[in-house]
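Good morning, and thank you for making time for this item. I would like to take you through one protein model, beginning with a local detail of the backbone and ending with the overall picture.

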Amino acid sequence: MRRIQLFIVGNFILFTGIAQNKFTLSGYIKDSLSGESIIGATISVNGQSKGVTSNLYGFYSLTLDEGSYLLTVSHVSYQPKVLDLLFEKDAELNIGMIPKSAVGTEVIVYSKRRDANVKNAQMGRVDLSIERIRNIPAFLGEVDILKAIQLLPGVRNAGEGNAGFYVRGGGPDQNLIMLDDAVVYNTGHLFGFFSIFNSDAIKNTALIKGGMPAQYGGRLSSVLDVTMKDGNSNKFQMDGGIGLIASRFSVQGPIKKEKASFILSARRTYVDALAKPFIKKSSAFYGSGYYFYDLNAKINYRFSEKDRLYLSGYFGRDVFNFNNAKRSFKSNIPWGNSTATLRWNHVFSKRLFSNTTAVYNDYKFKFGAAQNNFEVNLNSGIRDANLKMDFDYYPLPQHKIKFGGLYTYHRFTPNVVSGRQDSVVFKPNNEDNKYANEYALYVQDDWEIGEKFKLNYGIRYSGFIQVGPYTKYRRDADGNKLDSTVYKGFETVKPYGGLEPRVTLRYALNDETSVKAAITRNYQYIHLVSNSGNTLPTDLWVPSTYIVQPQISWQYAAGFFKNFKDNQYETSVEVYYKDMKNQIEYREGYTPGLEDPEREFVFGRGWSYGAEFFVNKSRGRFTGWVGYTLSWTWRQFSALNNGEKYPTRYDRRHDMSVVANYEVNKRWKIGGVFVYGTGNATTFPESFYIIDGVLTQEYSKLNQYRLDAYHRLDLAATYTPEPKKKRRLQSYWVFSIYNVYSRLNPYFIYFDQTGSPYDGSLKVEARQVSLFPILPTVTWNFKF
C-alpha cells in the first residue's frame, strides 16, 4: 500500500516540474450531430506516433513544446479532422467530428490511429462500435454484442445460440462484464439465448482478453466494458425495430440544448402475446407463457466545462409462467438484473481528470409454485453497493497515468425456501446470507519510451474480507454440527488480499510491424459454480470464505502484429499460457439441495495454452475478418477423475470464424458468418449392467469423449430505401437466415432405453438433441 502511494506521489513530483515553455491543449471530442462523446478518438501530432487518445468520456489532454503543430483527429466511425494549431498558451478546445454515415461520398476513415493494433502497447483488446456489430448476421434478427465477440479468436461460445462465452480457457464467471461501470451478473435472456444488451442503447463495446490493465480486476480471464449512449444533446430522435420475436423503441434528445440530454430505450418479446390466441381457454395449459423485457435509461447534465453528472440505469426481467389446470398446478419464475450508476466527472486542471462513481447492483432469481393448497417459494441473488474514483493524468504526450481505488459491499443470498400448506407456514433451516467487503487500489502508466518501445505497466492491490453477521460451524466427519462461532455485523471472518502486477511491452520493428509481450496476475474473489454445461439463472454466485479461497492466475502472452497496404489489412498472431489456482467444481455425485453449496465444492488447478490467428480487412466496400484459435484447456482435481488431468467441457481444439460484409450499393449490404469448432468434451456411460432388474450405468473418465464438430453458416442482407424526397422517417430492412444449410448441431446426447431385460429385447441407444434448424427472419428498423 505504501509503495503504491509513494509511486503516485513520485510521478506527480516528476511530471509537474515541467518546463515553462510547454503548453497544454485539452477538451472533449464529440459527435457533431448528436453531441455524444467519442471514446478512443486519437489525436496524432505531425503524423508521428506521438499523441493521445480520448478517454471513456471523450476527454483528452495534450502537452507540447511551444510552436506550431499539425494535429490529426481520427476514429473508426468518423471522418478524420486536421487542425493547424499554435501552442503558445494553455487552451481548451472541444472538437466535433462528423460521422462517416452522414457523409454522402465515400470517406476513408481510419480505425482510431490507422496503425493502432501495431503501435499500441495493449494486447488482446478489441473495440467494436455498435454500427459494426449491426452488420453481422443476427440470431433471430436480434443484434447481440455477446454473439459478436464470440466470433473473435480466443473467445468461444457456451453452446448453440447461447450468449455466454469463455475466454482463453477461463470459465463463464471469469469474465468481468460491466454496463456503465455496473457489474452484470446474469447476461442472458431466454436461458442464455439472447443477451441483456439492447443494441439501440449501446455506444461502444471493448473486450480485453490479454494484458488486462491495472484499472480492471476481480476476474481472471477478460473484461467486457459496455458503454451506454448519453443521448442526443442537439435534437430529439426516435429509433426502433420490429422483428419476429421482439420489438425495440428508443427516444433521446436534449433537456437543455448542449447542456443536458437523455435516452430511454425499451425492448420486449411478444411470443406470449402471439401464442395466446392459439391456446384455448379450455386448454389445461392456458395462461402459460414466457417473455422478457429490458429498460435502459440515462440522463446527463453539464454544470460547467469542469463538471458533468451522469445517471444511468438498467432494469430487465425474464418471466416464465407454467399452468396445468388438470393437475391444479401453476408456477411463476421471474429473474433479472437491476443496476443504477451515478457518475461525476471533474476536471481539476488541464492535465488531471477525475471520475467518481457510485453503483447499486441487484440480481434476483425467484421461483414460486402452487398446487391445490400447497405453495412453495425459492429466492436467491446477489446485491452490491460500490464506490470508486478514477483519475487520468496527462503530464506529457509520452505518458498517460491512471490511478484510483474502489470499494464494494456484497450481499450473497443462497437458495432460501419457504412454503405454506393451508394455514400452516413453514420455513426450513436455510443457510444465512453471506456478506463481504471488497476493495482495490491501482496505478498504471502508458509510457511511450521512444519510436521503438512502448510500455504499459501498473500494479493493483486488491483485498476481500468475509464479514458478519455470520455463524461458522464446526462439524464432524458426517457433516453434523458440533460447535459454532458467531460473528457480529462487519466483524472479520476471513481476509484475503494480494498484489497484481501488470506489464505489457511493445517493440516496433518498423511502421507496420511490431512484437508485444505481456505478463499479468489476477485475483478473483467471487465465483459462479455451475452444475451444467451452460450458465443458468439458477446458478449461484458465492464469495471467498474461510473454506473457499480466491482464484489466482498468471497469464503470459506474446504476439506478432503486421499491417499491409497502408494499414488496410491487419494481421496478428498471439500465443498465451495461463495458470489458474484454486479452481472450483462440485464433488462427484452432487445433487442440488438447501445445504450451503460450498460444502459440496472440491478444489484444484487449471491451465490453458494456445495460439490465435487474426486477419482483418478494415476499409473498403468489402470488410471482415478471419479468426482461428488452436488451444488446450485442462483441469486437475485430487477429488475428481482419480486425480488425473482432464479437458474442460469448453476445451476446443480448433475454433474458426469467418465474417464478411460487402456494400453492393447505397441500398444493399450483404453479410455472412461461418463458424467451425471442435465438439464439446463430454462424459458418456461406457458400460450398462442389469442389477436386480434395474439398468445401471458405468461412466467414462471425465470429458473423455467429444460431441460432433459444430459448424454453421449465417447470411444477411440489409436494404435501405432511397426515397425521392427527404423524409423525417428513415428505415431499413434486415433479412437474415440462421443456419443456412440447416446443420443439426448436437446440443446434448441422451441414452434411450427400449424393450425389457427379462426377455432379451432390451436396447440402449444414444440419441442427439439439436435445437435450431434453418431460421429465416426479417426485421424492420426505423429512425425519425
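Let us begin with Asn582, which is found in strand β37, residues 569-586. Please keep in mind throughout that this is a predicted model. Asn582 is not a glycine, yet its phi is positive, at about 60 degrees. As a reminder, most residues other than glycine have a negative phi, and most peptide bonds are trans.

A second positive phi in a residue other than glycine occurs at Asp181, where the value is near 75 degrees. Whereas Asn582 belongs to a strand, Asp181 is placed in the loop between β12 (175-179) and β13 (182-183). Is Asp181 buried or exposed? Its relative accessible area is 11%, and since the cut-off for a buried residue is under 20%, Asp181 counts as buried.

The strands on either side of that loop deserve a closer look. β12 and β13 run antiparallel and are joined by two bridges. One residue pair to find on the screen is Leu179, whose bridge partner in β13 is Ala182. Both strands belong to an open sheet of five strands, with the order β9-β16-β17-β12-β13 and mixed pairing. Which strands stand at the edges of this sheet? They are β9, residues 125-129, and β13; each has a single partner strand, so one side of each is left without a neighbour in the sheet.

Let me turn to another set of paired strands, towards the start of the numbering. Strand β2, residues 42-45, runs antiparallel to strand β5, residues 67-75, and four bridges join them. Within this pairing, Ser44 has Thr72 of β5 as its bridge partner. β5 is also joined to strand β6, residues 78-87, by eight bridges, again in an antiparallel arrangement. Here Tyr69 stands opposite Leu85 in β6. β5 and β6 form a hairpin, with two residues between them.

There is one further backbone feature to report. Gly468 and Pro469 are joined by a cis peptide bond, with omega at about 5 degrees. Pro469 lies in the loop that runs between β29 (453-467) and β30 (470-475).

I now come to the side chains, and in particular to the aromatic rings. How many aromatic pairs does the structure hold? The count is 41. Among them is the pair of Tyr28 and Phe59, which is edge-to-face, with 5.6 Å from centre to centre and 70 degrees between the planes. Tyr28 lies in strand β1 (residues 22-31) and Phe59 in strand β4 (residues 59-65), so this pair ties together parts that are 31 residues apart in sequence. Both Tyr28 and Phe59 are buried.

Another of the pairs is formed by Phe614 and Trp625; this one is tilted, at 6.4 Å centre to centre and 55 degrees between the planes. Phe614 is in strand β38 (residues 601-617) and Trp625 in strand β39 (residues 622-637), eleven residues apart. Phe614 and Trp625 are both buried as well.

Tyr28 and Phe59 also take part in a wider arrangement. Ring pairs link these two residues with Tyr57, Tyr310, Phe353 and Tyr394 into a cluster.

Rings also receive charged groups in this model. The charged end of Arg268 sits over the ring of Tyr291, at 4.2 Å from the ring centre. Likewise, the charged end of Lys472 sits over the ring of Tyr546, 4.9 Å from its centre.

Let me close with the protein as a whole. It contains five helices and 51 strands. The radius of gyration is 27 Å, close to the 28 Å that the globule rule gives for 784 residues, so the protein is as compact as a globular protein of that length. Along the principal axes, the C-alpha trace spans about 95 × 70 × 55 Å.

What share of the 784 residues is buried? Buried residues make up 54%. Turning to contacts between residues at least 6 apart in sequence, 66% of these join residues at least 24 apart. Finally, the accessible surface comes to about 34,900 Å², and 57% of that belongs to carbon and sulfur atoms.

That concludes the presentation. Thank you for your attention.

Key:
Residues are numbered from 1 along each chain as its sequence is written. This is a predicted model: local features need pLDDT of at least 70, side-chain atom pairs count only at pLDDT 80 or more; totals for chains, interfaces and linings use all residues. Side-chain values use heavy atoms; hydrogens and water are left out. Rings of Phe, Tyr and Trp (its six-membered ring) pair if their centres lie within 6.5 Å; planes under 30 degrees apart count as stacked, over 60 as edge-to-face and the rest as tilted. Buried means under 20% relative accessible area, exposed over 50%, partly exposed in between (1.4 Å probe, protein chains only). A charge sits over a ring if NZ of Lys or CZ of Arg is within 6 Å of the ring centre and within 35 degrees of the ring normal. The radius of gyration is taken over C-alpha atoms; the globule rule is 2.2 Å times the number of residues to the power 0.38. Contact means heavy atoms within 4.5 Å. Accessible areas come from the Shrake-Rupley method with a 1.4 Å probe; for residues, only the protein chains shown count as cover. Two strands pair if DSSP finds at least two bridges between them.
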